[in-house]
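Colleague: Could you take me through one part of this model closely? I would like to hear about the enclosed space inside it, and then how the rest is arranged around that.

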Amino acid sequence: MRRGVRLGVDLGGTQVKMALVNERGRVLDRTEVLTTREPWGLVKSLRSAAAPWFSSALLGTGVGVAGDVDPARGVVRVSPNLGWKKVRLAALFRRAGFPGPIRMDNDATAAAWGATHLEFRGRAKNLVILTLGTGVGGGLVFDGRLYHGTTGTAGEVGHLCVEEGGDPCSCGNRGCLEAYLGGASLVRRALLAYKRRGRVVDPLNPKILAGLARKGDPVARKVWDRAANALGAALSNIVNLLNPDTILLTGGVSRGAALFLPKALRIMKQRSFLTPAQAVRVVVSERSSDLGVAGAALLVE
């Protein structure tokens, strides 16, 4: 990595994180902007917020976006959370005067790159990251390099099928990992179960659901148990297919890992080949909040 400062943009469905980041992935300064759905209006708002950082010393701008992204062309093919289709986002950033070059990628792929540099300092050569938030995303690093696949969409681990004919997923399929471990799915399943029991729990989010499970609430415990089964199946597929040295869990839902990860690891070991299962480490991120924005900035390289 060249020494110097880059601008990172982590564009999520509700807020956009922006930060100045050095070559080691360290965040030097940061700000946040609420996400709006109109692309050009949003980019102009980001420019206003980031303008005090613009200088000739900036090496470029990296952008991570939730959705199906074409990194080579700088296009968001589709982003369900943002309601975008065929948005030439990199061109909008250039038009707004962001320091170039402009590099763009899927947000989970950017987070994988951030983890490689910020969390593991190069000690994870073959890394799979699972971003556990509203949905479940993923990114891949092989031999120390980002892996994009043929169309730039590699790493969609949230849409691995873990139960044939299982619960419906937002992508239109059934039985995806996201339908069991995504934050929105966890809450939806719990609310339905509480309703059947004539109980109202409001508000409810993954953090509250985790607290209820720790107190022994049977509905909450069952929801997290199903999530563990789904994650265990997904991890065994990842281990057998990709043979990574590290699998990293990050995002808000990962904070409840004590409720689902131990069982998931037991299932993974039961279903995986012995050699790759013994070689992989599955860990929860200690730098979760910075991985996306730091990784986006380091895309400039």
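Modeller: Helices and strands here are DSSP runs, with at least four residues for a helix and at least two for a strand, numbered from the N terminus. On that basis the protein has 10 helices and 13 strands. Keep in mind that this is a predicted model.

Now the enclosed space. The count is one cavity of 30 Å³ or more. The largest cavity holds about 50 Å³ of space. Ten names make up its wall, so here they are in chain order. Gly 67, Asp 68 and Val 69 belong to the lining. Asn 106 and Thr 109 also line the cavity. Gly 138 is another lining residue. Gly 152, Thr 153, Ala 154 and Glu 156 complete the list. By class, the lining divides into six polar, two charged and two nonpolar residues. The charged ones are Asp 68 and Glu 156. The nonpolar ones are Val 69 and Ala 154. Gly counts as polar in this scheme.

Next, the whole chain around that cavity. The C-alpha atoms fill a box of roughly 60 × 45 × 35 Å along the principal axes. A compact globule of 301 residues would have a radius of gyration near 19 Å, and the protein agrees because its own value is 19 Å. Of the 301 residues, 53% count as buried. The exposed area is about 14,100 Å², and carbon and sulfur atoms supply 50% of it. Take the contacts between residues at least 6 apart in sequence: 62% of them join residues at least 24 apart.

One helix shows the buried side of the picture. Helix α10 spans residues 288-298. Nine of its 11 residues are buried, so α10 is largely enclosed by the rest of the structure. Buried means under 20% relative accessible area. The buried residues of α10 are Asp 290, Leu 291, Gly 292, Val 293, Ala 294, Gly 295, Ala 296, Ala 297 and Leu 298.

Arg 24 shows the other side. Arg 24 sits in the loop between β2 (15-21) and β3 (27-34). Its relative accessibility is 53%, so Arg 24 counts as exposed, the cut-off being over 50%. Arg 24 still has contacts far along the chain. Leaving out residues up to four places away in sequence, Arg 24 touches His 117, Leu 118 and Arg 121. Arg 24 and Arg 121 are 97 residues apart along the chain, yet 8.2 Å separates their C-alpha atoms.

Definitions and conventions. Residues are numbered from 1 along each chain as its sequence is written. This is a predicted model: local features need pLDDT of at least 70, side-chain atom pairs count only at pLDDT 80 or more; totals for chains, interfaces and linings use all residues. Side-chain values use heavy atoms; hydrogens and water are left out. On a 1 Å grid over the protein atoms alone, a cavity is a set of points where a 1.4 Å probe fits but cannot get out, and a pocket is an open set with protein on both sides within 12 Å along at least five of seven lines; lining residues have an atom within 4 Å of a point. Grid points are joined across faces, edges and corners, and a volume is the space filled by probe spheres set on the points. Buried means under 20% relative accessible area, exposed over 50%, partly exposed in between (1.4 Å probe, protein chains only). Contact means heavy atoms within 4.5 Å. The radius of gyration is taken over C-alpha atoms; the globule rule is 2.2 Å times the number of residues to the power 0.38. Accessible areas come from the Shrake-Rupley method with a 1.4 Å probe; for residues, only the protein chains shown count as cover.
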